[in-house]
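Subject: Structure handover

Hello,

Here is the structure I promised to pass on. Please open it alongside this message.

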Amino acid sequence: MTGRDLRRMDHLTWPEFHERLNQAVFILPLGATEQHGYHMPLGVDVFLPLHLALRIADAFPAVVAPPLAYGYKSQPKSGGGGLFPGTTSLDGSTLTASVRDFVRELSRQGQQSIVILNGHMENSLFASEGVDLALREMPAHEVKVVSINWWEHVADDLLDRLFPEGFPGWEAEHAGLTETAMMMHFLPDLVVADRLEANEDQKPIPQYAIAPEPPGLVPASGVLHQAHGASAEKGAVLADVLVDEIAQILRTEFPALAR
Ligand code: ZN
Ligand code: MN
């Protein structure tokens, strides 16, 4: 890491932080520590919202808070499940309380505009619950929180154009085409492209939940749909589209902060 990055809350001094209160949205990247196949590291779900948030901060006044790097328990049909070494998850109540406390702490300091940018499917409703519990304790005019799952802002026609061989749907996308492509774009050194072949042990996964989770339910690689067809160029297109879309959402929802 070289130099200070003034988009990042953890690089600011306290007087700099104080100056940015209510001059910018504060974005919490919400992720997970979860297996992502043989070709990608455990941090994908936190790296992607972090790097998207930093780019968004170039397009709209924003401060990127230190990410929450743990998420709710990986489910077999959307994240490969909890049996892989390295997948290290929170109970739902812990995640809910962490999001609640983040919103409460920023609003206690006077910040009124907060964004939660989520990179892990299983987090969504627990994060919503955390926001709801925080807001329940404060007057309605004091804070506004916008929660965004990045994958909900990729248009179907863009997916068709980028991945003409077929897109498996977002649940099966875990460690697949879009995550691999954006990792190749943002953090190419962390993708081991020649291990993609080893992910080819595909098989159907039950579309219902079994507890306790039976071993061997998902492919041994942990990848639910192979990621051939991903490239850094496609990742750049996806990142550009997402930054534009999300910056537009922020201009709509927080017009007083728009430059
Ligand atoms: Zn992921
Ligand atoms: Mn995930």
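Below are my notes on the metal site, the helix packing and two backbone details.

First, a caution: this is a predicted model.

Metal site

There are two metals to look at. The zinc ion (ligand 1) and the manganese ion (ligand 2) lie 3.5 Å apart. Asp-45 coordinates both.

Take the zinc ion (ligand 1) first. Its protein donors are His-36 through NE2, Asp-45 through OD, and Glu-179, which is listed twice through OE. They lie 1.8 to 2.6 Å from the zinc ion. The 4 donor atoms subtend angles of 54 to 138° around the zinc ion, so the arrangement is irregular. For reference, the ideal angle for four tetrahedral donors is 109.5 degrees. Along the sequence, the zinc donor residues follow the spacing H-x8-D-x133-E.

Now the manganese ion (ligand 2). Its protein donors are Glu-34 (OE), Asp-45 (OD) and His-120 (ND1). Their distances from the manganese ion run from 1.9 to 2.3 Å. The spacing of these donors along the chain is E-x10-D-x74-H. Glu-34 and His-120 link distant parts of the chain, being 86 residues apart. Glu-34 is in the loop between β1 (25-30) and α2. His-120 is in the loop between β3 (113-118) and α5 (124-136).

Helix packing

Three helix pairs are worth a look: α2 with α8, α2 with α7, and α7 with α8.

Helix α2 (residues 44-59) and helix α8 (residues 232-253) cross at roughly 55°, and their axes come within 9 Å. That angle makes α2 oblique to α8. The crossing is right-handed. On the α2 side, the contact is made by Leu-52, Arg-55, Ile-56 and Ala-59. The α8 side includes Ala-239, Leu-242, Val-243, Ile-246 and Leu-250. By class, this contact has 9 nonpolar, no polar and 3 charged residues.

α2 also packs on α7, at an angle of about 60° with the axes 10 Å apart. That makes α2 oblique to α7. Here the crossing is left-handed. From α2 come Val-44, Asp-45, Phe-47, Leu-48, His-51, Leu-52 and Arg-55. From α7 come Glu-179, Met-182, Met-183, His-185 and Phe-186. The contact divides into 7 nonpolar, 2 polar and 3 charged residues. Note the tie to the metal site: Asp-45 and Glu-179 take part in this helix contact, and both are donors of the zinc ion.

The remaining pair is α7 and α8. These helices pack at about 95°, with axes 7 Å apart. That makes α7 roughly perpendicular to α8. Thr-178, Ala-181, Met-182, Met-184, His-185 and Phe-186 of α7 meet a set in α8 that includes Ala-232, Gly-235, Leu-238 and Leu-242. By class, there are 9 nonpolar, 3 polar and 1 charged residues in the contact.

Backbone details

Where is the cis peptide bond? It runs from Ala-211 to Pro-212, with omega near -5°. Pro-212 is in the loop between α7 (177-186) and α8.

Asn-22 has a positive phi of about 60°, although Asn-22 is not a glycine. Asn-22 is in the loop between α1 (14-20) and β1.

Best wishes

Methods:
Residues numbered from 1 in each chain as written. Chains lettered and ligands numbered in written order. Predicted model: local features only at pLDDT ≥ 70, side-chain atom pairs only at ≥ 80, totals over all residues. Heavy atoms only, no water. Axes fitted to C-alpha atoms, helices over the stretch in contact; angles between N-to-C directions. Helix = DSSP H or I, 4+ residues; strand = E, 2+ residues; numbered from the N terminus. Parallel < 35°, antiparallel > 145°, perpendicular 65-115°, else oblique. Left-handed = near helix turned anticlockwise from the far one by under 90°. Contact = heavy atoms within 4.5 Å. Nonpolar A, V, L, I, M, F, W, Y, C, P; charged D, E, K, R; others polar. Donors = N, O, S within 2.8 Å, 3.2 Å for Na, K, Ca; no water. Tetrahedral: all angles 85-135°; square planar, octahedral: opposite > 155°, others 65-115°.
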